Amino acid sequence: MSDLPIVLRPARIAHLWENQIVRRLVVLVLLGILWELVALWQNNPIMLPRLSTTLGALVEAFRDDRLLGAAWVSLSVLLKGYGLALSIALVLVALAAANRFARDALQTLTAMFNPLPAIALLPLALLWFGLNESSLIFVLCHAVIWPFALAALQGFESVPETQRLVGRNYGLRGPAFVALILAPAALPSLLSGLKIGWAFAWRTLIAAELVFGVSSGSGGLGWFIYRNRNELYTDKVFAGLLVVILIGLIVELGVFRTIENRTVRRWGMQK
Amino acid sequence: MTGRAAEAVSVHSLRRSDVPVTASLPVLSTKGLSLVYDGARGQHLAVDNVGLEIAQGERLVLLGPSGCGKSTILKAVAGFHSPASGTISLRGKPVSGPGPDRVVVFQEFDQLLPWKTALGNVMFPLLRARKLSRTEARQQAEDALERVGLTRALNQFPHELSGGMKQRVAIARALAMRPDVLLMDEPFAALDALTRSRLQADLLRVVEDAKATLLFVTHSIEEALLIGTRLHLLSAHPGRTLATLDVAGLIPASPAFTRAKTEVHDLLFPQAEAADV
């Protein structure tokens, strides 16, 4: 036995345990085992299908049930809303950075609207824009603009005085000052605003799709979940939820973590 | 106040010099400069009627206890703070705001832009204010960093550098700009004693090589005598001129240097002298 090269010796296991990814995978595996055991014990696939059944349903839904298409519908609406919201927020924040009254106005609006859940505006949005994508984009904008503006304003305010003086010392003013000094100095806050905005947008969208699913002809992920629950395909409901989680993880780890590693972490502006 | 200070100087060895030795137009001058600061309890006078003249190649040190407004004077000269009364002129022209002809080296380590490497930090004003090409800027930045002894840290980010190295980069960044006058606001105050004395020696060497004109603020008498060719002593609350002393050519740790330290101390704190007797 011990002469086989693949055998995991205690030292090697201890070494693997130092790796954060390994530890996280272990957490996932444990959760999976727990799920499987509880489902076996419950033995009621309509209330709680087994993990293995869910994974099977996931593959099947990808193959036959246009789950990928549904995910794409959700993502494309999300990207439109997120992009539009960021453009609006950037204009607002730039105005606020340049003008005191605009700053007061934005701070007041942010304080008012940030605590208001975006989904609460959906009935109103439906009244104003009708049962279509515009309503979704409206609530998405609401979900993203205020938390991002709040983070950006805080970021600009916390730029060290010395760095502001350095920028002014070299004759930078107006847009050049904002682009070359304020924005990079506030980048940790801007990135965290982008992350919070993304998370809020993602939740709001799935929730909105649950309330009214069909947009642009085919439904998104929320609609997929809702439709399958109506037909008591609980395994597909779980499959849909897994996709929601998976996309969230991919964006968090793949996109935002990569940007952070290449910028604010590399520059020592964030641990 | 001024009269008593003048009297005190005349009996000592340091030469009083209200005007620089050279006759040419001063690089920088202030006349009747008064500065007001907005404090918690309204405005208060920080600097009262201070006149300075700095000739080409001179190193003038503003020396005084905390609260004498020396940093405020430097900020006003840099253009960050406008005078309540009086004038500040650079080569005869009034100063109206910040500009790259007066580069400041601050005390704070965060004066380096954390998102740029050491080289990037030095290149930044050369590209943005001097409008040099990338090749030229890179060459001059590398040259400046070499002069402060940082050839191997070019591509490191500020958070990877020690406090002393950060201040070296800041000095290189300022020197590379070849400003009319280099303004330094207690640049070594946050460093440990060993690093400080090495940086003082290196600063003297690079400033002499570059024949730079320097306005240096400190509260350390020793540092003032090491760095300066002339000292401008200030009293506190508000900052008023006590005396201007010619201290060029003092050899560090020599008997004359030690004597000068005592004299400057007595000028700054006349009551302490009385208490010692």
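**A tour from the chain A surface to the chain B sheet**

In this predicted model, begin by selecting Ile21(A), Leu25(A), Val27(A), Leu28(A), Leu31(A), Leu34(A), Val38(A) and Trp41(A), which together make a nonpolar surface patch of about 850 Å². Within this patch, centre the view on Val27(A), a residue of helix H2 (residues 20–42) of chain A. Val27(A) counts as partly exposed because its relative accessibility is 47%, and the partly exposed class lies between under 20% (buried) and over 50% (exposed).

Turn next to chain B and display its open sheet of seven strands, ordered S1-S11-S10-S4-S9-S8-S7 with mixed pairing. Strands S1 (15–16) and S7 (102–105) of chain B stand at the edges; each has a single partner strand, so one side of each lacks a neighbour in the sheet.

Now select strand S4 (residues 59–63) of chain B, which runs parallel to strand S9 (residues 214–218) of chain B and is joined to it by five bridges. Arg59(B) has Leu214(B) as its bridge partner in S9(B), and Leu63(B) has Thr218(B). Strand S10 (residues 230–235) of chain B also runs parallel to S4(B), through four bridges; here Leu62(B) is partnered by His232(B).

Is S4(B) covered on one face or on both? Both faces are covered: Arg59(B), Val61(B) and Leu63(B) are buried on one side, and Leu60(B) and Leu62(B) on the other.

Finally, add helix H6 (residues 193–210) of chain B, which packs on the sheet and touches S4, S8 and S9 of chain B. The direction of H6 makes about 140° with that of S4(B).

Key: Residues numbered from 1 in each chain as written. Chains lettered and ligands numbered in written order. Predicted model: local features only at pLDDT ≥ 70, side-chain atom pairs only at ≥ 80, totals over all residues. Heavy atoms only, no water. Pairing = 2+ DSSP bridges. Helix = DSSP H or I, 4+ residues; strand = E, 2+ residues; numbered from the N terminus. Contact = heavy atoms within 4.5 Å. Axes fitted to C-alpha atoms, helices over the stretch in contact; angles between N-to-C directions. Patch = residues over 30% accessible without salt bridge, like charges linked within 9 Å, V, L, I, M, F, W, Y side chains within 5 Å. Areas by Shrake-Rupley, 256 points an atom, 1.4 Å probe, with all protein chains shown as cover. Salt bridge = Lys/Arg side-chain N within 4 Å of Asp/Glu carboxyl O. Buried < 20%, exposed > 50% of the residue type's maximum accessible area, 1.4 Å probe, protein only.
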